Amino acid sequence: MAQLAPPVVASLPPNVFAADCPTRRVLDRIGDKWAVLILILLARGTKRFNELRREIDGVSQKMLSQTLKSLERDGLVSRRAIPTVPVTVEYSITPLGMTLHQAVDTLRLWAETHIGAVETARRRYDAGAGRVDRAA
């Protein structure tokens with residue numbers, strides 16, 4: 001009996017505006033403040049879990065753990081367990097993660113450079129100068 005050839009699946013280019021586009025999952029990662037902060041720190045060097053927790057003010061242990069697992073799953077961070085008592089775990093940025101770091105670090109620099117202008121715009125808006133009555 002002859003085997004049938006597997007069906008040909010047309011490979012469409014990514015369309016980030018389509019609900020089912022897998023690139024949206026990557027954008028979710030980029031848009032996550034904890035992921036961005038972790039990538040920035042790991043680009044500076046390997047860190048242990050508790051070092052990351054101490055350096056990222058406001059992140060909970062649970063959120064840090066979840067974010068590190070997601071970054072590892074996406075191939076952006078690598079995890080190394082060192083057999084000590086208790087076990088020591090170190091995290092490093094991967095080459096793929098470094099390419100993303102270059103993009104998000106540019107956003108960090110933009111935010112640090114323009115925070116004054118953003119805060120001024122917010123105050124103006126909150127005072128009513130930026131509001132336009134619209135039918136919602």
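Guide: Helices are DSSP runs of H or I with at least four residues, and strands are DSSP runs of E with at least two, both numbered from the N terminus. This is a predicted model: local features need pLDDT of at least 70, side-chain atom pairs count only at pLDDT 80 or more, and totals for chains, interfaces and linings use all residues. Residues are numbered from 1 along each chain as its sequence is written, and side-chain values use heavy atoms, with hydrogens and water left out.

Visitor: How many helices and strands does the protein chain have?
Guide: Read along the sequence, the pattern is α-α-β-α-α-β-β-α. The secondary structure therein comes to 5 helices and 3 strands.

Visitor: Which helix holds Leu 71, and is Leu 71 buried or exposed?
Guide: Leu 71 lies in helix α4. Buried means under 20% relative accessible area, exposed over 50%, and partly exposed in between (1.4 Å probe, protein chains only). Leu 71 has a relative accessibility of 0%, so it counts as buried. The helix is α4 and the state is buried.

Visitor: How far apart in space are Leu 71 and Ile 38, C-alpha to C-alpha?
Guide: Contact means heavy atoms within 4.5 Å. Leaving out residues up to four places away in sequence, Leu 71 touches Arg 29, Ala 35, Ile 38, Leu 39, Leu 76 and Val 77. In sequence, Leu 71 and Ile 38 are 33 residues apart. From C-alpha to C-alpha, their separation in space is 9.1 Å.

Visitor: At what angle do α2 and α4 pack?
Guide: Axes are lines fitted to C-alpha atoms, for helices over the stretch in contact, and angles run from 0 to 180 degrees between N-to-C directions. Helix α4 spans residues 61-73, and its axis is 10 Å from that of α2. The packing angle is about 70 degrees.

Visitor: Why is α2 described as it is relative to α4, and what is the word for it?
Guide: Angles under 35 degrees count as roughly parallel, over 145 as roughly antiparallel, 65 to 115 as roughly perpendicular and the rest as oblique. The angle here is about 70 degrees. That makes α2, relative to α4, roughly perpendicular.

Visitor: How many nonpolar residues are in the contact of α2 with α4?
Guide: From α2 come Trp 34, Ala 35, Ile 38 and Leu 39, which meet Met 63, Leu 64, Thr 67, Leu 68 and Leu 71 of α4. Ala, Val, Leu, Ile, Met, Phe, Trp, Tyr, Cys and Pro count as nonpolar, Asp, Glu, Lys and Arg as charged, and the others, Gly among them, as polar. The contact has no charged residues and 1 polar residue, and its nonpolar residues number 8.

Visitor: How many of the 11 residues of α2 are buried?
Guide: The buried residues of α2 are Trp 34, Ala 35, Val 36, Ile 38, Leu 39, Ile 40, Leu 41 and Leu 42. The helix is largely enclosed by the rest of the structure because its buried residues number 8 of 11.

Visitor: What order do the strands of the open sheet take?
Guide: Two strands pair if DSSP finds at least two bridges between them. Pairing in this sheet of 3 strands is antiparallel. Strands β1 and β2 are the edges, as each pairs on one side only. The order is β1-β3-β2.

Visitor: Over how many bridges do β2 and β3 pair?
Guide: A hairpin of 5 residues joins β2 to β3. Strand β1 (residues 47-48) pairs with β3 over 2 bridges. For β2 (residues 77-82) and β3, the number of bridges is 6.

Visitor: Which residue of β3 is the bridge partner of Arg 80?
Guide: The residue sits in strand β3, residues 88-93. Arg 48 also stands opposite this residue. Its relative accessible area is 18%, so it is buried. The partner of Arg 80 is Glu 90.

Visitor: Where is Pro 86?
Guide: The peptide bond from Val 85 to Pro 86 is cis, with omega near -10 degrees. Pro 86 is placed in the loop between β2 and β3.

Visitor: At which residue does helix α5 bend?
Guide: A bend at a residue is the angle between axes fitted to the seven residues ending there and the seven starting there. In α5 (residues 95-126) the bend is about 60 degrees. The residue is His 114.

Visitor: What do the buried residues of α5 pack against?
Guide: Gly 97, Leu 100, His 101, Val 104 and Asp 105 are buried in α5. The buried residues of this helix pack against α1 (23-30), α2 (33-43) and β3.
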